[in-house]
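Q: I'd like to learn how to read the features of a protein model, one at a time. Could we walk through one together?

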Amino acid sequence: MEFLKKRVAEFSQEAHDLYLNQSVPFLEGSPDPLQFYRNWIAPNKPCIIRNACSHWPAVTRWTPEYLRKKVGSKVISVAVTPDGFADAVNGDRFVMPEERRMSFSSVLDVIEGKVRGSAPWRSLILVLLLQEHVGVFYVQKQSSNLLDELPELTDDLEPHVPWMSDALGKLPDAVNFWLGEASAVTSMHKDHYENLYCVISGEKNFILLPPTDRPFIPYGVYHPAVYRQRDDGEFDVVDQSDSEKVPWIPLDPLDPDLDRYPEYRRARPLRCSVKAGEMLYLPSLWFHHVQQTHGCIAVNFWYDMEYDIKYNYFQLLDALSDLEA
């Protein structure tokens, strides 16, 4: 077992020595598809592309006033939690958000209200609104919610990213819309997608770890549960008794418990900020944790990964890491 532990640690170190960057590089403008595939997709390395979506009308149009006029009456799915942690470990549970149907204008009311909520002239109506909407609100439904729930906004951006679609030889599986509060957090996880994350307004802050750091990232298996808000505004955690247990990462990379998870000391996370008009290429299987500025709006394109030898190797590393743990 000691030999296994040593070898998987060397495996990670070799990746950092041979090809991984010590920070997330920037590219200027839309890249050539073939060069992008060779330099970034094939070696599975992240980068930020500046001025790749700054020409989209959405970057200048998507103000609260415009969105109220365009889609204010549309009813959309909103994730609501007591503390901003949706789809995250809470004790011995993996807790998912309460999914609430709200008009887009109501979501903007909550987000804008919390910005100006500390002003001395705050109105009684605003106070009552914020009391009614206790919790943290995040538009984060990831089943192509932009196309399904807000198709009126699709004229303000490209339906796909042409150079990425050319590089991969396919169109995206999903196009997702994100809008939320500063306290809304995406806990550490990985996806089986080549992800282009495009910030329209505000800023997204990412912590990234490569798949080769998997031996240092702890996993547990948790009973699934859902938040449910009571009439008094407090939240209950309701077990999903008919669902299978969920494997998830219990560690918070912002405040890692190194006494409990000492191997995480050997992980080498990258931090990056993505601003309005910029895209993050987040390769498949990279672990990521996400925060944002208040009211940040983003759109991401999910392209299905290729289930090739890269996936096979990761599955082997994943199994060896579980065996070692």
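Q: Which strands each supply at least two residues of the lining of the largest cavity?

A: A word on the source before we start: this is a predicted model, where local features need pLDDT of at least 70, side-chain atom pairs count only at pLDDT 80 or more, and totals for chains, interfaces and linings use all residues. Residues are numbered from 1 along each chain as its sequence is written, and side-chain values use heavy atoms, with hydrogens and water left out. On a 1 Å grid over the protein atoms alone, a cavity is a set of points where a 1.4 Å probe fits but cannot get out, while a pocket is an open set with protein on both sides within 12 Å along at least five of seven lines; lining residues have an atom within 4 Å of a point. Helices (H or I, at least four residues) and strands (E, at least two) are DSSP runs, numbered from the N terminus. Here strand E3 (75–81) and strand E8 (136–139) are the suppliers, and E3 gives the most, with three residues.

Q: How much space lies in the largest cavity, and how do its lining residues divide?

A: A volume is the space filled by probe spheres set on the grid points, which are joined across faces, edges and corners. That gives about 30 Å³ for the largest cavity. Its lining includes Ala79, Val80, Tyr138 and Gln140. For the classes, Ala, Val, Leu, Ile, Met, Phe, Trp, Tyr, Cys and Pro count as nonpolar, Asp, Glu, Lys and Arg as charged, and the others, Gly among them, as polar. The split is six nonpolar, three polar and no charged.

Q: And the largest pocket: which residues lie nearest its centre?

A: Tyr19, Ala42, Pro43, Asn44 and Lys310 do, out of 21 lining residues. Helices H1 (2–18), H2 (33–41) and H9 (309–324) each give two or more residues to that lining. The pocket's volume is about 440 Å³, and its lining holds 14 nonpolar, two polar and five charged residues.

Q: Is Glu98 buried or exposed?

A: Buried means under 20% relative accessible area, exposed over 50%, and partly exposed in between (1.4 Å probe, protein chains only). Glu98, in strand E7 (residues 98–103), is buried at 12%. Contact means heavy atoms within 4.5 Å; beyond four places in sequence, the contacts of Glu98 include Val78, Ala79, Tyr227 and Arg228.

Q: Which strands stand at the edges of the open sheet of five strands?

A: Strands of a sheet pair through backbone hydrogen bonds, either parallel or antiparallel. Two strands pair if DSSP finds at least two bridges between them. The order here is E4-E10-E18-E12-E16, with mixed pairing. Strand E4 (85–86) and strand E16 (270–275) are at the edges, each with a single partner strand, so one side of each is left without a neighbour in the sheet. E4 runs parallel to strand E10 (residues 185–189), joined by two bridges, and Phe85 has Val185 as its bridge partner.

Q: How many residues of strand E19 are buried?

A: Seven of the eight residues in E19 (residues 297–304) are buried. Strand E9 (residues 174–180) joins E19 through six antiparallel bridges, with Val175 opposite Phe301. E11 joins E19 through eight antiparallel bridges, with Cys198 opposite Val299.
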